[in-house]
Amino acid sequence: MRLRRTLLALVVVLGGLVAGTGGANAAAPYCGITWGSTAKSAGTLSSDPLIAVRIGRHDCWDRVVFEFAGPANGYSVAYGETYTEGQGLALSPYTAGGALLSVSLRAPAYDDAHAATLPYRAGEHAATVLGYRTLRDVVFGGSFEGYTTFAVGVRAQLPFRVFVLSGPGTHSRIVIDVAHQWQA
(Lines give C-alpha, C1' and ligand atoms only; values in the text may rest on other atoms or scores of the structure.)
Protein backbone atom coordinates (compact mmCIF):
# COMPACT_ATOMS: atom_id res chain seq x y z
CA MET A 1 0.00 0.00 0.00
CA ARG A 2 2.77 2.37 0.96
CA LEU A 3 4.62 1.60 -2.33
CA ARG A 4 1.44 2.29 -4.30
CA ARG A 5 1.02 5.75 -2.67
CA THR A 6 4.67 6.58 -3.27
CA LEU A 7 4.42 5.61 -6.94
CA LEU A 8 1.16 7.58 -7.32
CA ALA A 9 2.78 10.66 -5.76
CA LEU A 10 5.79 10.28 -8.05
CA VAL A 11 3.55 10.04 -11.13
CA VAL A 12 1.62 13.15 -10.06
CA VAL A 13 4.85 15.13 -9.50
CA LEU A 14 6.36 14.01 -12.82
CA GLY A 15 3.11 14.76 -14.63
CA GLY A 16 3.11 18.29 -13.18
CA LEU A 17 6.70 18.83 -14.25
CA VAL A 18 6.02 17.66 -17.81
CA ALA A 19 2.85 19.76 -18.07
CA GLY A 20 4.66 22.82 -16.73
CA THR A 21 7.41 22.82 -19.38
CA GLY A 22 5.08 24.21 -22.06
CA GLY A 23 3.92 27.16 -19.96
CA ALA A 24 5.94 30.03 -18.53
CA ASN A 25 9.25 28.26 -19.14
CA ALA A 26 8.77 28.04 -22.94
CA ALA A 27 10.95 30.46 -24.93
CA ALA A 28 9.13 33.42 -26.42
CA PRO A 29 9.50 33.99 -30.17
CA TYR A 30 12.46 36.22 -31.03
CA CYS A 31 11.05 39.71 -31.74
CA GLY A 32 7.63 38.08 -32.14
CA ILE A 33 8.85 36.25 -35.27
CA THR A 34 6.89 33.10 -36.05
CA TRP A 35 7.80 32.76 -39.75
CA GLY A 36 9.48 29.36 -39.94
CA SER A 37 11.93 28.18 -42.59
CA THR A 38 9.73 26.21 -44.99
CA ALA A 39 9.47 27.02 -48.71
CA LYS A 40 7.30 29.97 -49.69
CA SER A 41 5.75 30.51 -53.11
CA ALA A 42 3.07 32.80 -54.55
CA GLY A 43 2.02 34.92 -57.49
CA THR A 44 2.14 34.64 -61.24
CA LEU A 45 4.54 35.27 -64.11
CA SER A 46 4.99 38.94 -65.02
CA SER A 47 6.57 40.66 -68.01
CA ASP A 48 7.54 43.71 -65.90
CA PRO A 49 11.31 43.49 -65.45
CA LEU A 50 13.40 43.49 -62.31
CA ILE A 51 15.25 46.82 -62.13
CA ALA A 52 16.99 46.94 -58.73
CA VAL A 53 18.25 44.82 -55.84
CA ARG A 54 18.76 46.39 -52.41
CA ILE A 55 19.52 45.16 -48.91
CA GLY A 56 18.76 46.56 -45.47
CA ARG A 57 19.39 45.93 -41.78
CA HIS A 58 16.73 45.91 -39.07
CA ASP A 59 16.87 45.15 -35.35
CA CYS A 60 15.49 41.63 -35.74
CA TRP A 61 16.20 40.67 -39.38
CA ASP A 62 18.16 41.44 -42.54
CA ARG A 63 16.27 42.30 -45.72
CA VAL A 64 16.65 41.79 -49.48
CA VAL A 65 14.39 43.89 -51.75
CA PHE A 66 13.78 43.19 -55.44
CA GLU A 67 12.15 46.14 -57.29
CA PHE A 68 10.22 45.73 -60.54
CA ALA A 69 9.11 48.25 -63.19
CA GLY A 70 5.46 47.28 -62.76
CA PRO A 71 3.17 44.97 -60.80
CA ALA A 72 5.20 41.78 -60.28
CA ASN A 73 4.18 39.36 -57.51
CA GLY A 74 5.51 35.90 -58.41
CA TYR A 75 8.22 34.16 -56.39
CA SER A 76 9.46 30.89 -55.00
CA VAL A 77 11.94 30.95 -52.09
CA ALA A 78 13.34 27.92 -50.26
CA TYR A 79 16.51 26.71 -48.57
CA GLY A 80 18.61 24.61 -50.92
CA GLU A 81 20.89 24.67 -53.94
CA THR A 82 20.42 27.45 -56.46
CA TYR A 83 21.17 27.01 -60.15
CA THR A 84 21.81 29.57 -62.86
CA GLU A 85 18.87 30.21 -65.19
CA GLY A 86 19.34 28.61 -68.61
CA GLN A 87 22.65 26.88 -67.79
CA GLY A 88 21.86 24.96 -64.61
CA LEU A 89 25.21 25.62 -62.91
CA ALA A 90 25.22 25.37 -59.10
CA LEU A 91 25.80 28.70 -57.34
CA SER A 92 26.74 27.28 -53.92
CA PRO A 93 30.50 27.24 -54.62
CA TYR A 94 30.34 30.99 -55.35
CA THR A 95 27.97 32.09 -52.58
CA ALA A 96 29.13 32.84 -49.02
CA GLY A 97 27.11 31.62 -46.03
CA GLY A 98 26.26 28.57 -43.98
CA ALA A 99 22.89 28.16 -45.74
CA LEU A 100 21.55 29.13 -49.14
CA LEU A 101 18.15 30.59 -49.98
CA SER A 102 17.20 29.77 -53.54
CA VAL A 103 15.19 32.70 -54.93
CA SER A 104 13.24 32.37 -58.17
CA LEU A 105 11.40 35.50 -59.27
CA ARG A 106 8.63 35.11 -61.82
CA ALA A 107 9.73 38.11 -63.87
CA PRO A 108 12.62 38.80 -66.27
CA ALA A 109 15.73 40.91 -65.69
CA TYR A 110 15.52 42.23 -69.26
CA ASP A 111 13.13 44.51 -71.14
CA ASP A 112 10.96 43.89 -74.23
CA ALA A 113 13.99 44.45 -76.49
CA HIS A 114 15.88 41.80 -74.44
CA ALA A 115 18.29 44.40 -73.02
CA ALA A 116 19.44 43.66 -69.47
CA THR A 117 17.76 45.75 -66.76
CA LEU A 118 20.35 44.85 -64.09
CA PRO A 119 24.10 45.50 -64.24
CA TYR A 120 25.04 41.96 -63.15
CA ARG A 121 26.10 38.88 -65.06
CA ALA A 122 25.30 35.37 -63.81
CA GLY A 123 27.53 34.55 -60.84
CA GLU A 124 28.21 38.17 -59.87
CA HIS A 125 27.55 39.54 -56.40
CA ALA A 126 24.54 41.88 -56.33
CA ALA A 127 25.06 43.38 -52.87
CA THR A 128 27.74 44.23 -50.34
CA VAL A 129 26.71 42.67 -47.04
CA LEU A 130 29.66 43.72 -44.92
CA GLY A 131 28.52 44.19 -41.31
CA TYR A 132 25.19 42.39 -41.70
CA ARG A 133 24.23 40.02 -38.91
CA THR A 134 22.50 37.36 -41.05
CA LEU A 135 23.08 38.09 -44.75
CA ARG A 136 26.35 36.80 -46.17
CA ASP A 137 25.89 37.16 -49.95
CA VAL A 138 23.44 37.92 -52.77
CA VAL A 139 24.50 36.34 -56.08
CA PHE A 140 22.72 36.85 -59.42
CA GLY A 141 21.88 33.55 -61.09
CA GLY A 142 20.65 34.95 -64.40
CA SER A 143 17.37 35.47 -66.17
CA PHE A 144 15.89 33.13 -68.77
CA GLU A 145 12.43 32.73 -70.29
CA GLY A 146 10.86 35.22 -67.88
CA TYR A 147 12.36 33.83 -64.66
CA THR A 148 15.18 35.41 -62.65
CA THR A 149 17.26 33.59 -60.04
CA PHE A 150 19.34 34.69 -57.05
CA ALA A 151 21.27 32.77 -54.41
CA VAL A 152 21.02 34.49 -51.03
CA GLY A 153 23.70 33.28 -48.65
CA VAL A 154 22.81 33.52 -44.95
CA ARG A 155 24.67 32.68 -41.73
CA ALA A 156 22.49 29.63 -40.98
CA GLN A 157 19.09 28.19 -41.85
CA LEU A 158 16.92 30.75 -40.05
CA PRO A 159 13.25 31.79 -40.22
CA PHE A 160 12.32 33.93 -43.21
CA ARG A 161 9.28 35.59 -44.72
CA VAL A 162 8.48 36.82 -48.23
CA PHE A 163 5.91 39.46 -49.16
CA VAL A 164 4.98 41.87 -51.96
CA LEU A 165 4.73 45.65 -51.65
CA SER A 166 3.23 48.15 -54.09
CA GLY A 167 5.13 51.24 -55.18
CA PRO A 168 6.84 53.50 -55.48
CA GLY A 169 4.55 54.74 -58.24
CA THR A 170 3.65 51.89 -60.59
CA HIS A 171 6.56 49.77 -59.38
CA SER A 172 6.34 46.79 -57.04
CA ARG A 173 8.76 45.03 -54.69
CA ILE A 174 9.25 41.49 -53.50
CA VAL A 175 10.82 41.51 -50.02
CA ILE A 176 12.65 38.73 -48.18
CA ASP A 177 13.34 39.15 -44.46
CA VAL A 178 15.67 36.65 -42.74
CA ALA A 179 15.59 36.62 -38.92
CA HIS A 180 18.79 36.99 -36.91
CA GLN A 181 17.90 33.99 -34.72
CA TRP A 182 15.16 31.48 -33.88
CA GLN A 183 14.20 32.13 -30.26
CA ALA A 184 14.94 34.70 -27.57
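Trainee: In what order do the elements of the protein chain run from the N terminus on?

Mentor: This is a predicted model, and the secondary structure of its protein chain comes to one helix and nine strands. Read from the N terminus on, the helix is followed by the strands, and the elements therefore run α-β-β-β-β-β-β-β-β-β.

Trainee: What is the order of the strands in the open sheet of five strands?

Mentor: Pairing in this open sheet is antiparallel, and its edge strands, each of which pairs on one side only, are strand S1 (40–42) and strand S6 (135–144). The twist from one strand to the next averages 15°. With S1 at one edge and S6 at the other, the order is S1-S4-S5-S7-S6.

Trainee: Which residue in S7 stands opposite serine 143?

Mentor: S6 is joined to strand S7 (residues 147–154) by eight bridges, and the two strands run antiparallel. Within S7, the residue that stands opposite serine 143 is threonine 148.

Trainee: How many residues of S5 are buried?

Mentor: The side chains of S5 can be followed in two groups, with Ala99, Leu101, Val103 and Leu105 pointing one way and Leu100, Ser102 and Ser104 the other way, and all are buried. Because of this, S5 is largely enclosed by the rest of the structure, and the count of its buried residues is seven of the seven.

Trainee: Which residue in S7 is the bridge partner of valine 103?

Mentor: S5 is paired with S4 in the antiparallel sense over five bridges, and in that pairing tyrosine 79 has leucine 101 in S5 as its bridge partner. S5 also pairs with S7, again in the antiparallel sense, over seven bridges. There, the bridge partner of valine 103 is phenylalanine 150.

Trainee: Is the pair of phenylalanine 66 and phenylalanine 150 stacked or tilted?

Mentor: A search of the whole structure finds five aromatic pairs. In the pair of phenylalanine 66 and phenylalanine 150, the ring centres are 4.9 Å apart and the planes stand at 45°. Planes under 30 degrees apart count as stacked and those over 60 as edge-to-face, so this pair is tilted.

Trainee: How many residues apart in sequence are the parts that this pair ties together?

Mentor: Both phenylalanine 66 and phenylalanine 150 are buried, and ring pairs link them with Tyr120 and Phe140 into a cluster. Phenylalanine 66 lies in strand S3 (residues 61–68) and phenylalanine 150 in strand S7, so the distance along the sequence between the parts tied together is 84 residues.

Trainee: Is leucine 118 buried or exposed?

Mentor: Leucine 118 lies in the loop between S5 and S6, and its contacts, not counting residues up to four places away in sequence, are with Leu50, Ile51, Ala52, Val53, Ala109, Phe140 and Phe150. The C-alpha atoms of leucine 118 and alanine 52 are separated by 6.7 Å, although the two residues are 66 residues apart along the chain. Since buried means under 20% relative accessible area and leucine 118 has 8%, this residue is buried.

Trainee: What is the relative accessible area of threonine 84?

Mentor: Threonine 84 is found in the loop between strand S4 (75–79) and strand S5 (99–105). Not counting residues up to four places away in sequence, threonine 84 touches Leu89, Leu91, Ala122 and Gly141. Threonine 84 is buried, and its relative accessible area is 8%.

Trainee: Which residue in S9 is the bridge partner of phenylalanine 163?

Mentor: An open sheet of four strands, with antiparallel pairing, has the order S2-S3-S9-S8, and its edge strands are strand S2 (50–57) and strand S8 (160–166). Neighbouring strands of this sheet are turned by 20° against each other on average, direction ignored. S8 pairs with strand S9 (residues 172–179) in the antiparallel sense over seven bridges, and the bridge partner of phenylalanine 163 in S9 is valine 175.

Trainee: The charged end of which residue sits over the ring of tryptophan 61?

Mentor: The charged end of arginine 57 sits over the ring of tyrosine 132, at 4.7 Å from its centre. For the ring of tryptophan 61, the charged end lies 4.8 Å from the centre, and the residue it belongs to is arginine 161.

Conventions: Residues are numbered from 1 along each chain as its sequence is written. This is a predicted model: local features need pLDDT of at least 70, side-chain atom pairs count only at pLDDT 80 or more; totals for chains, interfaces and linings use all residues. Side-chain values use heavy atoms; hydrogens and water are left out. Two strands pair if DSSP finds at least two bridges between them. Axes are lines fitted to C-alpha atoms, for helices over the stretch in contact, and angles run from 0 to 180 degrees between N-to-C directions. Buried means under 20% relative accessible area, exposed over 50%, partly exposed in between (1.4 Å probe, protein chains only). Contact means heavy atoms within 4.5 Å. Rings of Phe, Tyr and Trp (its six-membered ring) pair if their centres lie within 6.5 Å; planes under 30 degrees apart count as stacked, over 60 as edge-to-face and the rest as tilted. A charge sits over a ring if NZ of Lys or CZ of Arg is within 6 Å of the ring centre and within 35 degrees of the ring normal.
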